[in-house]
Every structure is written in C-alpha cells, then in structure tokens.
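Take a look at the assembly below and let's walk through it together, starting with a loop and working outward to the places where chains meet.

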Amino acid sequence: MQLTGLISLMVAAPLLGALIVILLPGTTATAEGSEQSVVGGVQRMLLCGTALITGLLAFLCAVGMMAFYATHSQAYMQFNEKLHWIPLGNGQWVNYHMGIDGISLLLTLLSTFVISLTLLYATRSNERLKERLALLLLLESALVGVYCAQNLVLFYLFFEASLIPTYLLVGMFGGARRASAAIRFFLYTFVGSVLMLLAIVALYHYTGTFNIAALSSSSSAAGIALRHLPSQALFWMFAAFALAFSIKTALFPFHSWLPDAYAEAPVVGSVALVLLKMGIYGFVRIAIPIFPQQAQNMAPLFIVLAVCSIIYGSLVAAVQTDARRVIAFSSVAHLGFVVLGIFTFTRIGMMGALLQNFNHGIFTPMLFLLLGMLTERRGSTDIADFGGVKKVLPMLSTMMLIATLGSIAVPFFSGFAGEFPVLLGSWVSSISHSVGGYWPTALAAAGTILAAVYMLWWYQRIMLGPVRFEEIRKMPDLNRTEWAVVLPLACLIFWVGLGSGFFTRRMNQAVNRLVPYYREQIDSSLPVSAMVSDEREVEEKQVRMNLRNHALLITSPDAPAPALQGAHFSPPPILKGIPVRGYHPRRMPIPAGMGGPASKPSGVSNRSLPMQHGKPGGAAGAASHRPSAPAHAVPANPNAPVMQSGAGEKHP
Amino acid sequence: MLPVSYYLILSALLFTIGAVGVLIKKNPIQTFMCIELMLNAVNLTFIALGRYFGQMNGQMYVIFSLAVAAAEVSVGLGIIVAIFRTRESIVVDDANLMKS
Amino acid sequence: MTNAQSMQAILPVITLLITGMVVLLGDAFLPFWRRSGVASGSLSLLGIVIAAGFALDRLSHQPTHSLAFHGALSLGRFTQACTLLLLLLAGLAVLLAVTYLENRRLNRGEYYTLVLFATSGAILMAAANDLIVLFIAVEMLSVALYVLAGFARSEPRSEEAALKYFLLGAFAAGFLLYGIALIYGGAAISGLGGTTNLALLHLRQGSVPGFMTVAGLALVLVGLGFKAALVPFHMWAPDVYEGSPTSVTGFMAVVVKVGAFAALMRLFIAFAPAAAYWLPAIQIIAVLTMVTGNLLAVTQTNVKRMLAYSSVAHAGYLLIAVAAAATPAAQPLALQAMVFYLAAYGLMTLGAFAVLAWLSHRDADCQTLSDLRGLVRTDPAAAWLMVIFMLSLGGIPPTMGFIGKWYLFTAALQSHQLWLAITLALVSMVAVFYYLRVVWTLCFEEGSGISVSRNTLAPAGVQISLYVAALLSLLGGIAPIVWQPLMLAARSLGRMP
C-alpha cells in the first residue's frame, strides 16, 4: 500500500511543531531584564506536549512506512510524491520529489527515533526550553527531508537547512569554546556544500535534469548524456560531491570540526550532530550511483582515508582526558568503518557499512545522553572527576556498559553485526582490487581492538574502582524520564545485535543496485562464500547443490573412469546445452576421487546460472586468482569443469 | 560650418578639464562649478551633433539637460548652505567624520 | 499608442507624483496634518497601493510590449513587473519610515514626498526606452535621494553623507550624459541622423559598433554603475549608507538597485549584437565587485557599513544576470533570475535595515555590532527576524536568497560563463562568514546591546513591514511559485519591438 503524502507529513509535522513552539510564550522577562527562563506549569506542558507529539508523529510515520514497505518490490523508490516547485520557464520545473527506499527508510527511522528520545530528554531542561525544542524539531524536519529527497535541489536545500539548527544548538547552549566550534562546523560544511552546489548546477547543465533517479540510471537520457561526458568533467563533479560528503562525514583529514563540535555542544547538540549521517547517505545515494566509474576508480583513496580515520580516531581517543572527547573521536573511527565498508564495493561490505551507520546512530547518542546525565549530576566532564560510579549508580552504569559494548562490536551487540561484515567485505575486496592487499583489513581489525582498549579503559576509569569523591555518593540514579530515554536505545542495541536481518532486509534491493555484480565474484575457495545469507545467494547455493548432486549421481560406474589423465570427458547430460567455458580436459589435473563440495559450486555457478550476466571477464578475473588459492582449495574433480587454465582460451 | 569633429574634440577637452577639476578641487562650490562645466561640455556635443545630422534632437536634449542641471544646482547649493550653517567651513576635506 | 493611451499606461507614476504633491502641500499648509505623525505616511501608502493597483491591472491586460509617448517609454510586462516590485519595496520603506521618523524626531512630511518622487524616478528608469528619458529618470531619483540623505539635518554625519552623495552623483551624471551624447552620435546611419531611442538603437546595431558607440556605452556604464554601486564606482556607498538615516538607507539600497539594473538590462539587451565588445568589461566588473564587496565587508564592525558593502557585493551578483543576457538563448532565464534576485535582495536588505531602524531611538541610531549584542534575549522578535534576513543574504536555504543565487548559477551556466558561477560560489563562502557574525552577535554573545528600555512610538509600521518582508522571503524560498507571475512577466523584455 503506497500512502502518498506520508513523507510530506513526516517533514511537515516537526516543522509545524517547531512553529507552534516558537510562537508559544516561552520565557518570562524579569524586571532586571535578565533571562528568566524557568517555564512552569501549563506553559511547559503545552511546549513539551506539542514538541513530543509532533516529533513522535514523524516517528510513527516512519514506522508506518516500514510496515507498509514492500521489501521485494523492484521499484526504485516507494511512497513517491512529486509536485512542481521552482519554475524555470519554458514549461520546465524543478520538482518537489520525495521518495524512500530501504536505505532512506532505515536512516529516517533512526533520525525520528533518536530525536523523539532527545526531545523527551530535553523536556527536563530548564534553560531556554523553547529554543531547544524548536531547534530539535527543525533539525528533525531537515534530516527527514534530506533522506527522502529525490531531487538534487531539494536535497541540497535540506542538506543546508540542517546546518542552521545544528549551528544554533552548538553555539547557544554549549561549553566554553563553543564559539569557535560552532563557527568551524558551519564554515567547514558550508564550503563543501557550495562546491557541491556548483557540481549540481553543472550536472543540470550537461544533462538537463535534477532528478536523482534519472541521473543514476544508465538507460535514461540523462544517464546516457552523462556517460558521454569527458572523464575529466565527470571526475571534477564527483570530486566536488565527494569532498562535500567527506567533510560531512568527518573523514580524515576533514575531521577537525567534529571533536570540538561534539565536545562543546550540549547533550542535545551532540545527539543532533551524531545524526548528521548525511555524508554517508550522500555517498550512497548520489556520488556512487551517478558516478559509478569515478567512485570505483577512487575507491582505493577512500579506503586509505577510511583506515586512517579508524586508526587516528582510535589513537587520539585513547589519550583524551575529557569524557566527551573520547566519544567524539570514537565517532571518527566508527564513521571511518562505515566509509571503508562502502568503498569495498561488495554487497556484504555495503550492508555492513549501512548497518554500522545505523548502529553508530544508536549507541553514540546513548553514550552522550548517559554522559550528559552523569555530567549534570557531577558538574564536570573530566574523566579524572569520576571513579567508582558503578557502586552508586548501578543502573546508569549498566546502561553505559551496554552502550560501550555495543560500540566495541562485541558479539550479540549491535556493533558486531555492523563491523564484522565490513571487515569481511574489506577482505574480499582486497583480494580483487583494493590497495595494499590485506593491510586495510588488518588495520581496520586493529582499529576494532583499539576501540575496545580505549572504550573499556574509559568505562573503567569512570565507572569502576573505588569511589574517589564524596559528591559521587550523593548522585541519584536514573529517574523515570531518563529511563524512558535510555531503555529503548538499549533494547535496540540488542535487537540489532541479535536479529539485524529485520533491519537490513529492506535494503537489499538498494544495495544490489549499488554493487556492480562482476565485482561480486567471491573467490569460491574462501569459506566466505558459504556464509552469505542473502536470499539470492541462498537460492544460488541451492542450485549449486542440486547440480552437484546430479553430477555426483552421474559419476556412477557406468561413466567413463575419471582416473585416466586426458580421458575425454563429456559433460553430464544435465549440463548439456549450457555453454561450457573455461574447460579444457587436457589441462585439468585429475585427482583420484571426488572433488570436495567447494569446487563444484564455483565451477558450475560460473557457467551455468543465468545470473552470470554474460560477463566472461568476471570469470577470467576470478579465475586468475585461482593459482594463488591456498592449498585447501579442493582438488579438481573431473566432473567439475573447473575454470582453470583453460579460461584464457574458451571465451565465447 | 566647421567639421563636427572640431566641436566634439573641444567638448571632450572641456569635459576632461571639468572631470579633473572635480577630482582636484577642495571647495565644494568649485567642485560643483566643474561639474557644471562637464554638463555644458555635453550640451555642446549635443548641439554640434544635432546640427551635423540636421535634427532637432540635439537642441531638445540640451533643453532637458539644462532643466535637470538647474534642479540639481538648486538642491546641491541647498545642501552646501545647510552644511555651512552648522559648520562655518565648506572645505570638503574637513568632511571626514566617516572613515572612508 | 495614442497620447491618451500613453497617459493611461503611465498612471502609476502619475498617481505617485500627485500623491507626493498632495502630501507636500498638506504638510506645508495644514497644521493638523503636521501634528499627526502618520497622516503623510498613510496617504503616501494609499497612493502607493493605488499605483500598484493600476500596475497590476495593466499587467494582466497587457500585450507583450507597448511603446508609449512615441517610443520614449516602453511599458511592457517587464516594466510592469519592475513597477510592482518597486511599489512593494517603496510601500515597505514608507511603513518603516513612519516608525523611524517618529522615534528619531525627524517627522517632516516632505520625507514621503521625496520618497514618492524617487520611486517614480525609479519606475521611469525601468520604463525608459529612450536614453534621455533614462537620464531624466536617473536625475529624478538622485536629486530626491540627495535631499533624503541629508534629512537628519542636525547630524553632521547625515549632512556629510548628503554632500558626498551629491558631488559624486552629479559627477557620475555628467558621465552618463556624455555617454548618451556619444551614443547619439555613434548611432547615426547615412540618411538618418542619430538617435537615443533604445529600440531604434537595437535595430541599427551591427555586430561591430563604431568607436563613438563603444565609448558612449562605456561612459553610460560608468554613470549607471555609480548608481548601482559597482566597483570601481562604489566608493560613495559605505559613507552615504552609514551617514544617512536608517530608513533612507534602506530605501536607497533597494530602490536604486532595482531601477539601475532594470536600466542596465535594457541597455545591454539593446546592444546585444555587439556583445563581444562589452561583455568582457561586464564580466570583469562583476568579478571585481563580488570579490571587493565581500572582502571589504569582512572587517566591518558597523552594521550599516557592512550592509553597504554587502549591497555592493549583491550588485556584483546581479551583474552576472546582465552578463548572462548577452547570450540570446539564456536571455529569458537571465531576466527571470535578475528580477527574482532583485525581489529577494530588496526584501532582505530592506528587512535588515528595518530591524536596525526598529532598534533606533531618539538618542541612538542602532549602528554597530555591539548594539546588537545578545538581542535574542532582550528582544527575540527583532533578533529572529534579523537572523532570517542574514540567512537570506548569505544564500542559506530555505530562504529566497538561496533560490535567487541558484537562479543566478543556472543563468550563468546556461550562457556558458563558468567563471562567473565559480566566483559566485567562492565569494558566497566568504560572505557567509560576516553574515554569520551578526547572527552570532545576536544570539550567542553575552552582555546587552542597545538599551532595552526604549519605548517605540508607532511601532506598527516597522513591524508590519518586517513581518511582510520576512514572510515573503521565507515563502519565496520554500515555494518560489508564488513569485512566478512576476518572473514570467519579466521574461518578455527579450522581444524588442
């Protein structure tokens, strides 16, 4: 069921809420003109009520979309809305086009969910309640708009529109150095965005459209026009987009705005900043689909930068003395993981990256919220001022532990479900094309260990050990609102950790579109190939199994003896009529006995399945790695026309 | 009649003299006189060209120009008088209250 | 058109002139009029509304182009669009002035007369099809503004502003007139004499203009460039903007730009076949203006001076549209972009000055950044409105300034002038810095700026104008379609009669 207008409702509801909150009376000025900002009674209820209702309404819309999302539909976007918006004359328009697919859905859910919880948390604050609520609602609206926009101008508009509430949140309520943090954040991201604006208009100039779907598809007029451009022009346009998104993602070396902004912002500001996943989304929605060739060419660079992010973020986080900065730098590292996963260009890596993106948006806000609660009670963010909190606040420390373990990627927690596929994808892609062989994967894995080091050390210094200060003994444990804020996040961490398929199911189609299939040829000798659980792969495996079983049946005593070297071998009847590629009987080493299960599937799948897409290059590509396959590669079976050295000859 | 280029060159010279005078003079009255010189140089151009083309246009434009110049004079002198009343000095360089 | 039809077509201007004279006479001879603070303002507003009614009526029934008064004025749809825009801005300026003059004790009726005369001058600038009419219109506008700049007679700054504006303005008028004379001479073809009629000039244009024509064009550009505050003719702007009373500055900053750019657009479209001769100059001036305006604004602590330099920068942006109009294929979009950006610029600049005017009172004109410190706590409405205008000036979504900049980008790219688009993007980055500084001072700084305990007399005027300007800016940014009738009307200049 396609409910049109749901997306617009999701964008408009927080906006309306923000407007109402702004117009409601919020502060009462006293005689001296000082800000008297304690809002009481009915006023407060109205403010908080409006904010919560509209924020939750957006979340409910997102949940509704998730419920009605057709997971297996081949449609590019669902819940489409399209209206005329900016007139260009001559009957041309820039359209207000919104739509959602699996990736957007997940991010929208994340944004609305976390912001709803943050609104709940913000209702407890006393200072400038109105502005906080209004800015959070505006941010929610802008974020949902970014993730649903299908038109480049609309995307840019929401992209920029999210800057103002964040800037104001960081600057208005933050710590001592909030001036420079806010300005730096704004200017850094704005610079990137203006370059992106140029690239957008240049795209329009060359292709005549702003529609993302049209630009991403290779068969539309716009797509064809793009392919014909000189690669220089395409490179610069991709570079402009990539720069803007890299700055937004705080990829090394464009990360310097992030630690300051996170650390100086108030709690709600930090949470807001964590939700700025637009950089990742931009890569996945715009930069890679519209410029696939350039993206793949530049993938090694991004992998290097991502790994640098991971290592640098982890190392610097380990030496911080301010509790919030540790989390801030760990964010750099986590986002580095996400970028690594995306630029592996494997399905598993991408899935893992997008899931890790989602996870990061869960445990980092949770950490910040808990830290905020601790800071509020203690009055300081310095790690040295804490110690032994667990004895006094067992509940809070348990929640903190859950969040910490989630971010470290311990199995059963969400981080694992995200980081492990990323490492897997990185390993797989390193075999086929990435830079530096196994080093990226090794360093990224080292980053995981480092994360464990600094996060656990951080937890230990704050929570464990003897109670060093008397003030700590007086701190109250979580109250109701705080429970209500933190418990859903904790549940979500477990949910994702134990059953992440629920969340990633809907992303299948989108990720499939992003990953060019011929890169997907996993080397069959790796155990990996048996582990992928995507439905199509399951199907594939089934077919392979069937064929192998048939082949096994055929090698009965009636068949020619396989032990003779150079014996002529005719393919089993079931495989007749299917072009046999890469098979030359003479060159095949014939072992005594059956081949193991692994070799069969690879050989058969390479040839026979319609998913081949007619890409002999892929076969050659994968085949060329055969000689380097470790010895556990099963001995070739005479019945398995393995893609061996004959690969070079039998190209149809 | 003389070749029209003579008139045009003369008026160009007068215009240049006026323009340089505006840039050099310190007294606003003198500056304004130079501006009037510029405007009258243009009037000369108009008349010469009008005569050369045998059209009435040139003379018509001069009438317009004179009227406008007269309006400008009245306003300008009024401003200068107002300043003089409060300041007792009309040397333009003294008008430096605002950092330029 | 017959003479009667011409007079009917020019009704908006006639209305404004008559209203101006009635206000002047009423204020001079009727004591009750002078005592009431708002009589002049209300009557002038009424005159503006009636004039706007006439213009709207004309816009809806208008053929694409029509020359009035034997070719002296072109009163087609582009002119009506500019007229409506000018009347909107003038109306907002008058509302603003009602409050400001009352608070600064400057309330004299001739202010409104001068504003109305200046507006009619600007309308004629947009309508002028003959260069001499353009000159007369420019002078109408300028002379009124010279007096207005010096309106705060007791303040030395104001007088100084008036003097500087007058001297430099008359200087530029001389250049303008000489340029017209040279174009007149250069347009002669054998048998026919010269002409200053833009339509005839367009018809007579080959792609190789004579020396006199090029020299004339250059001088006219100098003259009009002065009015529009293009570099290197911008030196008067900071001082005059800073010294004049704030409501005058607001009016001056917007109305003159609309008139000047409408005139520039007409002029250069008339000479479009000879684009190879003037386009490089326009491009260089545009780049210089954008860069200089923005760079000089960065160091300013006086908000009015900063807005003056920002006006200079915006003039550079608008010149991109003029440059884009050189390419016939991009002309309609260039016209549309220019009118939309003029509307956006007008609303946001007038709004910014209106906020400053609202905060001024008898003893203190709100001028410097420190006056605005921490305004969000003491006067949140003014502060948030200023934030909206600053964001619009910086071109940050979802305001009209963003959509306007985007239109300019498109126009520049459609006419294949990539460097202008790149420069626009780069200077926008610089510009955001100083606009954000104002936002910063308003919202985040401690301490208090201008005295809170002011008692604004007749606040309704400035409040109405502020809310209308802010609303239109946001609406234009979210749904530009509301401005579409204006933009569609603007596209029809291209068809020269």
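Start with P253(A), which sits in the loop between α10 (231–249) and α11 (257–264) of chain A. This is a predicted model, and in it the peptide bond between F252(A) and P253(A) is cis, with omega at about 5°. That loop between α10 and α11 of chain A also holds A250(A). A250(A) isn't a glycine, yet its phi is positive, at about 55°.

Now hop over to chain C. P232(C) is found in the loop between α10 (211–228) and α11 (236–243) of chain C. Here too there's a cis peptide bond, running from V231(C) to P232(C), with omega near 5°.

Back in chain A, have a look at a charged pair. Side chains of opposite charge can pair when their charged atoms come close. D260(A) and R184(A) make a salt bridge, and their closest N and O atoms are 2.3 Å apart. D260(A) belongs to helix α11 of chain A and R184(A) to helix α7 (residues 178–207) of chain A, so this pair ties together parts that lie 76 residues apart in sequence. Over all chains, the count of salt bridges comes to 14.

How far can you trust what you see in chain A? Its mean pLDDT is 75, and 74% of its residues reach 70 or more. Among the elements of chain A, helix α18 (residues 394–408) has the highest mean pLDDT, 91, while helix α27 (residues 616–623) has the lowest, 37. Two stretches deserve some caution. Over residues 28–36 of chain A, pLDDT stays under 50, and the model has six contacts beyond four places in sequence for them. Residues 553–652 of chain A also stay under 50, with 113 such contacts in the model.

Next, the overall form of chain C. Its secondary structure adds up to 21 helices and two strands. The C-alpha trace spans about 70 × 55 × 40 Å along the principal axes of chain C. Chain C has a radius of gyration of 21 Å, which agrees with the value near 23 Å for a compact globule of 497 residues.

So where does chain C meet its neighbours? On one side, 39 residues of chain C touch 37 residues of chain A. Together the two chains bury about 3,400 Å², 81% of it on carbon and sulfur atoms. Between chain C and chain A there are zero salt bridges, and zero residue pairs in polar contact turn up with both residues at pLDDT 80 or more. On the chain C side, the elements giving two or more residues are α15 (331–358), α17 (380–394), α18 (400–414), α19 (418–443), α20 (460–478) and α21 (484–490). The most comes from α19(C), with eleven residues. By class, this side has 28 nonpolar, eight polar and three charged residues.

Chain B is the other partner to visit. Here 42 residues from chain B are in contact with 39 residues from chain C. The pair buries about 3,500 Å², with 77% on carbon and sulfur atoms. Between chain B and chain C there are zero salt bridges, but two residue pairs are in polar contact, both residues at pLDDT 80 or more. On the chain B side, α1 (4–24), α2 (28–53) and α3 (57–87) each supply at least two residues. The largest share, 15 residues, comes from α3(B). Sorted by class, the chain B side holds 27 nonpolar, twelve polar and three charged residues.

Conventions: Residues are numbered from 1 along each chain as its sequence is written. Chains are lettered from A and ligands numbered from 1 in the order in which they are written. Side-chain values use heavy atoms; hydrogens and water are left out. Contact means heavy atoms within 4.5 Å. Buried area is the accessible area (1.4 Å probe) that two parts lose on being put together, summed over both. A salt bridge is a side-chain nitrogen of Lys or Arg within 4 Å of a carboxyl oxygen of Asp or Glu. A polar contact is a pair of N or O atoms within 3.5 Å; within protein, one must be able to donate a hydrogen and the other to accept it, and residues adjacent in sequence count only if both atoms are side-chain atoms. Helices (H or I, at least four residues) and strands (E, at least two) are DSSP runs, numbered from the N terminus. Ala, Val, Leu, Ile, Met, Phe, Trp, Tyr, Cys and Pro count as nonpolar, Asp, Glu, Lys and Arg as charged, and the others, Gly among them, as polar. pLDDT is the predictor's confidence in each residue, from 0 to 100. The radius of gyration is taken over C-alpha atoms; the globule rule is 2.2 Å times the number of residues to the power 0.38.
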